[in-house]
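Hi everyone, thanks for coming. Today I'd like to walk you through one protein chain, so have a look at the screen before I start talking.

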Amino acid sequence: MCRSWPAEPVCAACVARFAPVGLRCLGCAILLPVGLLHGPASGSRLCASCIRQPPPLDSTLAALDYAYPWSALIGTFKFGNQPGWAPFFAGMLLQVPGVRQALAELGQNDLILPIPLSKERLQTRGFNQAWELAKALAQQSGHAGQTSSTLLLRVKNTRPQTELKREARLDNVRGAFQVDPLRLTQLKGRRVVLVDDVVTSGASLFTAAAVLQAAGAAHITGIVLSRTPQ
Ligand SMILES: [Zn+2]
Ligand SMILES: [Zn+2]
């Protein structure tokens, strides 16, 4: 960002300057208005939309807003073939309040799962950025090997959520995810951390979480790199 050529993709000074400080909704990770932090509702930590319709996760935690300058950087990570940036982003996520705790709560049979890409998308991109993030998070939190990119499957090639209006996003991802039928028992009573790089409205994350819940997962925490500001 400052072009000072650090060893990391972004230097510590730029992280401090550009990472937003504030509380996010525990349902969809949208940044809550500052005024809310001092109001009577400060204990609930949910936005109006999540109060009306609570998401099927214990909580969703995000590091960044998907906005300037991070959106460009995340775009390069995804489309510019930079899977090597995943450990850096995982390090940022571990600084987010609640993330270390959510990972520390995982037992040795619990799982860190990425939101899967469709076969078609995986073929054109070459890697799944959420899977790279999940592996880096597992590695950095002492859960290496507790990840899988083949347990939760994307069985429908959907349009990118960012191209759609809010109302169309739920329809777009309906029926998009499925658990490998041969591995259903691996989820019974398990704690799952679900990882993605960008959350738009939460529709993909919530739909995937509902599928895991239906398969018997007992607790699901969403850990996402970024959240669109609206
Ligand atoms: Zn910098
Ligand atoms: Zn919310």
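I'll begin with the whole chain, then go through a few unusual spots in the loops, and finish with some helices.

One thing up front: what you see is a predicted model. So what is in it? The protein chain has nine helices and six strands. Its radius of gyration is 17 Å, and the globule rule for 230 residues also gives 17 Å, so the chain is as compact as a globular protein of that length. If you put a box around the C-alpha atoms along the principal axes, that box comes to roughly 50 × 45 × 35 Å. As for the inside, 40% of the 230 residues count as buried. And here's a nice one about how the chain folds back on itself: take the contacts with a separation of 6 or more, and 73% of them are between residues 24 or more positions apart.

Okay, on to the odd spots in the backbone. A bit of background: most residues other than glycine have a negative phi, and most peptide bonds are trans. Now, which residues does a cis peptide bond join here? They are Tyr-68 and Pro-69, with omega at about -5°. You'll find Pro-69 in the loop that runs between strand E1, residues 59-65, and helix H3, residues 70-79.

Then there are two positive phi values to look at. Ala-29 isn't a glycine, yet its phi is near 70°. It sits in the loop between helix H1 (12-18) and helix H2 (48-52). Is Ala-29 buried or exposed? Buried, because it has 28 C-beta neighbours inside 10 Å, and the cut-off for buried is 20 or more.

Asn-81 also has a positive phi without being a glycine, about 55° this time. That residue is in the loop between H3 and helix H4, which covers 86-94. Asn-81 has 11 C-beta neighbours inside 10 Å, so it counts as exposed.

While we're in the loops, find Pro-97, between H4 and helix H5 (99-104). Pro-97 is exposed too, because there are just 9 C-beta neighbours inside 10 Å. From Pro-97 to Thr-147 you go 50 residues along the sequence, and their C-alpha atoms are 22 Å apart in space.

Right, helices. How do H4 and helix H7, residues 129-140, cross? Their axes come within 8 Å, at an angle of roughly 60°. That makes the two helices, H4 and H7, oblique to each other, and the crossing is right-handed. On the H4 side, the residues making the contact include Phe-89, Leu-93 and Leu-94, and on the H7 side they include Leu-133, Ala-136 and Leu-137.

Last stop, helix H9. It has twelve residues, 203-214, and at 1.5 Å a residue they should span 16 Å; the end C-alpha atoms are 16 Å apart, so that agrees. Several residues in H9 are buried, among them Leu-205, Phe-206 and Leu-212. What covers the buried residues of H9? The cover includes E1, strand E3 (152-154), helix H8 (166-173), strand E4 (177-179), strand E5 (191-199) and strand E6 (219-227). And just past the end of H9, Gly-216 has a positive phi of about 110°.

That's my tour, thanks for listening!

Note on methods: Residues numbered from 1 in each chain as written. Chains lettered and ligands numbered in written order. Predicted model: local features only at pLDDT ≥ 70, side-chain atom pairs only at ≥ 80, totals over all residues. Helix = DSSP H or I, 4+ residues; strand = E, 2+ residues; numbered from the N terminus. Rg over C-alpha atoms; globule rule 2.2 N^0.38 Å. Buried ≥ 20, exposed ≤ 12 C-beta atoms within 10 Å, placed from the backbone. Contact = placed C-beta atoms within 7 Å. Expected span 1.5 Å × (residues − 1). Axes fitted to C-alpha atoms, helices over the stretch in contact; angles between N-to-C directions. Parallel < 35°, antiparallel > 145°, perpendicular 65-115°, else oblique. Left-handed = near helix turned anticlockwise from the far one by under 90°.
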